[in-house]
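Visitor: Could you take a close look at the surroundings of the ligand for me, and place them within the fold as a whole? I would like one connected account.

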Amino acid sequence: MCLQGFQGYGYSEDFVLNMVRINEMRKSADCTVTLTNEPDDICSACPNLKDNLCENKKQNEIIVEMDNEVLSHLNMNNEYNSIDLFNEVASIFNSSDSVENICNECKWAEKCLFYKKLI
Ligand code: SF4
């Protein structure tokens, strides 16, 4: 979801460069995605990732809750083709109600094209 809304903002230059790289990779027909609610390839470049936690324990709990809300609609045991996964995500989260528990507290919501197209 966040990748679909990404328009170049982020926590640091390295983070943004990594987001750009992953956002391009996920559009390739042979890209495979493994789902996780732990720090992933995007988080790996984030300056706020410390000891495998997002910023602090409380913030980490919020992020994991957001992840789990998304993951509850998908099969964690599957490896997804990236294009199929992004299409499925777009069909599940297709209204402001569907992202209410995920995006409402997000500090990037005002800059996120994915969120803005739903509200
Ligand atoms: S509003 Fe925030 S959590 Fe929701 S899709 Fe956009 S960046 Fe991700």
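Guide: In this predicted model, the elements of the protein run, from the N terminus on, in the order α-α-β-β-β-α-β-α-α-α, which gives 6 helices and 4 strands. The radius of gyration is 14 Å, close to the 14 Å that the globule rule gives for 119 residues, so the protein is as compact as a globular protein of that length. Along the principal axes, its C-alpha atoms fill a box of roughly 30 × 30 × 30 Å. Among the contacts with a separation of 6 or more, 61% join residues 24 or more positions apart, while 8% of the 119 residues count as buried.

Turning to the part you asked about, the residues around the ligand are Met1, Cys2, Gly5, Val99, Ile102, Cys103, Cys106, Trp108, Ala109, Cys112, Phe114 and Tyr115. Three helices, H1 (2-5), H5 (100-103) and H6 (113-116), each supply at least two residues of this shell. Sorted by class, the shell has 11 nonpolar residues and 1 polar residue, with no charged residue.

The shell can then be set beside the largest nonpolar core, which has 7 residues: Met1, Phe93, Val99, Cys103, Cys112, Phe114 and Tyr115. Met1, Val99, Cys103, Cys112, Phe114 and Tyr115 belong to this core and are also listed around the ligand. In soluble globular proteins, nonpolar side chains tend to be buried together. Phe93 is a member of the core, and, leaving aside its neighbours within four places in sequence, Phe93 is in contact with Met1, Ser98 and Val99. Two of those partners, Met1 and Val99, are themselves listed around the ligand.

For contrast with these buried positions, consider the loop between strand E2 (49-50) and strand E3 (53-54), where aspartate 51 lies and where asparagine 52 also has its place. Most residues other than glycine have a negative phi. Aspartate 51, however, has a positive phi near 50°, and asparagine 52, likewise not a glycine, has a positive phi of about 65°. Aspartate 51 is exposed, with 5 other C-beta atoms within 10 Å, and asparagine 52 counts as exposed with 9 C-beta neighbours inside 10 Å, because a residue with 12 or fewer such neighbours is classed as exposed.

How values were computed: Residues numbered from 1 in each chain as written. Predicted model: local features only at pLDDT ≥ 70, side-chain atom pairs only at ≥ 80, totals over all residues. Near = placed C-beta within 6 Å. Nonpolar A, V, L, I, M, F, W, Y, C, P; charged D, E, K, R; others polar. Core = buried A, V, L, I, M, F, W, Y, C linked by C-beta atoms within 7 Å. Buried ≥ 20, exposed ≤ 12 C-beta atoms within 10 Å, placed from the backbone. Contact = placed C-beta atoms within 7 Å. Rg over C-alpha atoms; globule rule 2.2 N^0.38 Å.
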